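Biologist: Before we discuss this chain, could we agree to set each label against its criterion? I would like to hear the reasoning behind the words as well as the words themselves.

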Amino acid sequence: MGGVRAGTSRSAACAVALLWGALAAIAGPVVLAGPLTPPAAADVAAELPAAASGAEPSYSPALRRIRVVDHNIEKRSGAMNRALTAARKTGAEVILLQEVCWWQADQLRRRHPTWTVAYKPERERDKCMRGSSRDSGLLGVRRQVGNVAIWTGGSVGLPSTHTFTTQRVKSDRTGLACVAWTTIVRHRACSVHLISPTRRRELIVRTKQAREVRRIAAPWVGKQDLVVLGGDFNAEPQRATMNQLYRLEGVGRFREATKQRLGGPDCRCRQVTGDGRRAKVDYIFFSANRSAARGFRSLRVVKTSSDHHLLIGWADMDVTERS
């Protein structure tokens, strides 16, 4: 009987060990999405896809909610302040601004030393002239206007600018203002403002500039970076210009934050963002390589003193490390 009991005990122990091993295999590794601002922490969730027939997935996506504020402020400090307030209230870690005067960008840097701020001067406008004894330094001459990209999570991010080879006139320096940082994976956020005139030649130039956005972002997406792109594209969703950005019915690599809580394909829907024409020309995009199939994206549109509306968008993004 003692031998039977011993055999029974060993069998029970083996069964328990096998059970714990099976549970560990099902649970898989725990993937953390890195430190978050308090408003965003509750939105992080690990998503384990249902097992399909055949090979198991190589990784289990961990979703992190990325919040973005985008606004063409039309050189108006009141509109810029609304964007900063919206970013603070929503816990946005990315702020993308267009039509920002040099002194406004300088003000952002001085007042927010814990942020990473990139400024891309694009052209000169008399509305940006301002009397000041402060040397503008690297921000250039006192008539410059351009784009700003901000990461609010720290001052150790990497700012960069990228100038398009195609310009409307020789004096223009249209391009991207970008910031990069790493939280589990490499993040990049860029602000853009494509040219606005609508004559045939300028429509062609605008589409070429959108193609350059795709070309610049392609290596980042190819390296599995998480890319956020926002700004004033001066083109409605169904225009050929936007084919360069949209993954849906286009050659782009981005999915849009939309008013609908979409977990599936983009709709390329018409949605008024202002500009005095009741048209949609402003967008927030997230790279499709990190847009989880079951992750939601959403967008709010808010009126300000600018002739463009303020965009508040977010998306649940896959932040799993990939080899």
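Biologist: Which residues of H4 are the buried ones?

Modeller: In this model, which is a predicted one, the buried residues of H4 are Trp 102, Trp 103, Gln 104, Ala 105, Asp 106, Gln 107 and Leu 108. Buried stands for a relative accessible area under 20%, and 7 of the 10 residues of H4 meet that criterion, so the helix is described as mostly covered.

Biologist: What covers the buried residues of H4?

Modeller: The cover includes helix H3 together with strand S3 (94–101), strand S4 (116–124) and strand S5 (144–151). Helix H3, which spans residues 77–90, packs against H4, residues 102–111, at an angle of about 35°, and the two axes are 12 Å apart. The crossing of H3 and H4 is right-handed, and the contact is made by Ser 77, Met 80 and Leu 84 on the H3 side and by Trp 103, Gln 104, Gln 107 and Leu 108 on the H4 side.

Biologist: How many nonpolar, polar and charged residues does the contact of H3 with H4 have?

Modeller: By class there are 4 nonpolar residues, 3 polar residues and no charged residues in that contact. Met, Leu and Trp count as nonpolar, which places Met 80, Leu 84, Trp 103 and Leu 108 in that class.

Biologist: Turning to the sheet, in what order do the strands of the open sheet lie, and why are S6 and S10 said to stand at its edges?

Modeller: The open sheet has 6 strands in the order S6-S7-S8-S9-S11-S10, with mixed pairing. Strand S6 (158–163) and strand S10 (254–256) each have a single partner strand, so one side of each is left without a neighbour in the sheet, and that is what puts them at the edges. From one strand to the next the twist averages 25°.

Biologist: What makes the pairing mixed?

Modeller: The word is justified by the senses of the individual pairs. Strand S7 (residues 175–183) and S8 pair in the antiparallel sense over 8 bridges, whereas S8 and strand S9 (residues 226–232) pair in the parallel sense over 7 bridges. For two strands to count as paired, at least two bridges are required, and the 3 bridges that join S10 to strand S11 (residues 282–287), running antiparallel, therefore satisfy the criterion. As for facing residues, Cys 178 stands opposite Cys 190 in S8, His 187 stands opposite Leu 226 in S9, and Arg 255 stands opposite Phe 286 in S11.

Biologist: What do S8, H5 and S9 make?

Modeller: Strand S8, helix H5 (residues 200–222) and strand S9 make a right-handed β-α-β unit. Strand S8, residues 185–193, is itself mostly covered, with 8 of its 9 residues buried.

Biologist: Which residues take a positive phi without being glycine?

Modeller: Gln 224 has a positive phi of about 70°, and Asn 234 has one of about 50°. Most residues other than glycine have a negative phi. Gln 224 belongs to the loop between H5 and S9, while Asn 234 lies in the loop between S9 and helix H6 (240–243). In the hairpin of S7 and S8, which has 1 residue between the strands, Ile 184 also takes a positive phi, near 70°.

Biologist: Why is Gln 224 called partly exposed while Asn 234 is called buried?

Modeller: The relative accessibility of Gln 224 is 24%, and because the intermediate class lies between 20% and 50%, that residue is partly exposed. Asn 234 has a relative accessible area of 8%, which is under 20%, so Asn 234 is buried.

Biologist: How do you know that His 309 is buried, and what does His 309 touch?

Modeller: At 14% relative accessibility, His 309 falls under the 20% limit and therefore counts as buried. His 309 lies in the loop between strand S12 (297–302) and strand S13 (310–318), and, leaving aside residues up to four places away in sequence, His 309 touches Asp 70, His 71, Val 272, Thr 273, Gly 274, Val 301, Val 302 and Lys 303.

Conventions: Residues numbered from 1 in each chain as written. Predicted model: local features only at pLDDT ≥ 70, side-chain atom pairs only at ≥ 80, totals over all residues. Heavy atoms only, no water. Axes fitted to C-alpha atoms, helices over the stretch in contact; angles between N-to-C directions. Helix = DSSP H or I, 4+ residues; strand = E, 2+ residues; numbered from the N terminus. Left-handed = near helix turned anticlockwise from the far one by under 90°. Contact = heavy atoms within 4.5 Å. Buried < 20%, exposed > 50% of the residue type's maximum accessible area, 1.4 Å probe, protein only. Right-handed = clockwise from strand over helix to strand, strands pointing away.
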